[in-house]
Amino acid sequence: MREELIQRICDEIDKRKKEIIDFTLSLVKEPSENPPGDECKVVELIIKKCKSWGLPQPEIWCLEAHRPNLIVRIKGDGRGRSLILNAHTDTKPVGDVTEWSVDPGKPRILNGKLYGRGSADMKGSVAGILAAAMAIIKGAIPFNGELIIALTADEEAGSRFGVKVLIDRGLIADAMLITEPSGMKKSFDSLGLACRGAVLGKVVVHGTQMHSSLSDQGGCINASVKMAEVLMEFAVHLKEHLTYESHSLYPGGPTVNPGVILEGGVFYGVIPGKASFGFDLRIIPGMTLESVKKDIENFLYNLQKSDNDLKAELIIEAPPIDWFPSVEIERSHPLVYSCVEAAEKVLGISPNLMGVPFSTDGIHYAKAGIDMPIVSSFGPGLIKLAHAPDEYIEVQSVVDSAKIFAITAINYLMSS
Ligand SMILES: [Zn+2]
């Protein structure tokens, strides 16, 4: 990309640095915790900012009025590639307030860090994307094709009201950049070429429901105790029974997390007749629901073969939350190159290309069978701060992100 255009983009962003930071702070101050989920107030702020920054009027796409998604289309001079820049406007709940050393109800900036729920995940990115579009428009940066900004609701709780609405209405482009925080030690030091998918389900263990005073009389199987045994086996040994091809982005393979939900028993006085644990298996590229299901069924079959008292069954969650495929983009894809070059220009660093541990909005495109190249994560902020107490984003990284997103977009849209 020509140096003069890059300079124009950077100048426009530097001129409005304070506005960009104030906008980020206003987004974080407006809660959009999910659950319960209501992005209206945040979206109102964004629509106002689009107007004052000269962006096209956003289209509002929603399944329910209080869960709006915003689409902003910026058309270039002629035909060419299209690119979606994606960020979500909801956040995880604040959680236990006593874990925070700052007041999560009063977001503010301390020592260059903007604290508050959703600052890193990912209202900083929302501000960065819109500021990038502002710089492209105000700087009259020429490009072909179309830049589409997609700001989604409900990413933190299943995306039913969010990216799935966009998929159902056919939003697609030549590529998509998901601007989730991707920093390991500092902002933009890494880029997620892939994200993990998931298989979600329960193992139900059956026992003999009876009076608890009779447990020493024989014939008593306490489902909760049996479930605990299975849970430990699952935690320690399931992984070695899962079939998957080793993958360079995920040298550690999938992760197995049993006990994310525990259920069992009815009340005092009753030996539990049924107990279950929920598990959350984070899968890597190449793994499918079918293969994981077969592996877990075999695992449970073998446990039951060596324990006559054990009766266990696998129940995969009902769709749509049964499973999500992992998402991966080729290293050589032009969007990856565009991102790397932008980080080099703005920060002088070349991001490490990695597989991020979490899932993103991209998994829903993959599950719908839409083969769109997706960069799973490249955005300001540190991965480890997402969902955590004392979440913050460095204000400078929001300003940097605006430059990086604008340069990435123009790079990708101008090359062919
Ligand atoms: Zn996020």
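Is Asp121 buried or exposed? In this predicted model, Asp121 has a relative accessibility of 5% and therefore counts as buried, the limit for that class being under 20%. Glu180 is likewise assigned to the buried class, because its relative accessible area is 5%.

Both residues take part in a metal site. The zinc ion is coordinated by NE2 of His88, by an OD atom of Asp121 and by two OE contacts from Glu180, at distances of 1.9 to 2.6 Å. The angles among the four donor atoms span 53 to 145 degrees, and the site is classed as irregular. A tetrahedral assignment would require all angles to lie between 85 and 135 degrees. Along the chain, the donors of the zinc ion follow the spacing H-x32-D-x58-E. Distant parts of the chain are linked in this way: Asp121 belongs to helix α4 (residues 119–138), whereas Glu180 lies in the loop between β7 (175–178) and β8 (190–195), 59 residues apart.

The backbone next to the zinc donor Asp121 carries a further feature. The peptide bond from Asp121 to Met122 is cis, with omega near -5 degrees, and Met122 is itself part of helix α4. A second cis peptide bond joins Pro319 to Pro320, with omega near 10 degrees; Pro320 is placed in the loop between β14 (311–316) and β15 (323–324).

Strand β7 also belongs to an open sheet of six strands, arranged in the order β1-β2-β6-β3-β7-β18 with mixed pairing. The edges are formed by β1 (59–61) and β18 (374–375), each of which pairs on one side only. The pairing of β7 with β18 is parallel and comprises two bridges; in β18, Ile374 is the bridge partner of Met176. Helix α8 (residues 334–347) lies across β3 (82–88), β7 and β18, and runs at about 40 degrees to β7. Helix α10 (residues 395–414) also packs on the sheet, where it touches β3, β6 (146–152) and β7, its direction making about 155 degrees with that of β3.

Positive phi values occur in two residues other than glycine, described here in turn. Phi of Phe188 is near 65 degrees, and this residue lies in the loop between β7 and β8, as does the zinc ligand Glu180. Phe188 counts as buried because its relative accessibility is 0%. For Asp390, phi is near 55 degrees; Asp390 is found in the loop between β18 and β19 (392–394).

How values were computed: Residues numbered from 1 in each chain as written. Predicted model: local features only at pLDDT ≥ 70, side-chain atom pairs only at ≥ 80, totals over all residues. Heavy atoms only, no water. Donors = N, O, S within 2.8 Å, 3.2 Å for Na, K, Ca; no water. Tetrahedral: all angles 85-135°; square planar, octahedral: opposite > 155°, others 65-115°. Helix = DSSP H or I, 4+ residues; strand = E, 2+ residues; numbered from the N terminus. Buried < 20%, exposed > 50% of the residue type's maximum accessible area, 1.4 Å probe, protein only. Pairing = 2+ DSSP bridges. Contact = heavy atoms within 4.5 Å. Axes fitted to C-alpha atoms, helices over the stretch in contact; angles between N-to-C directions.
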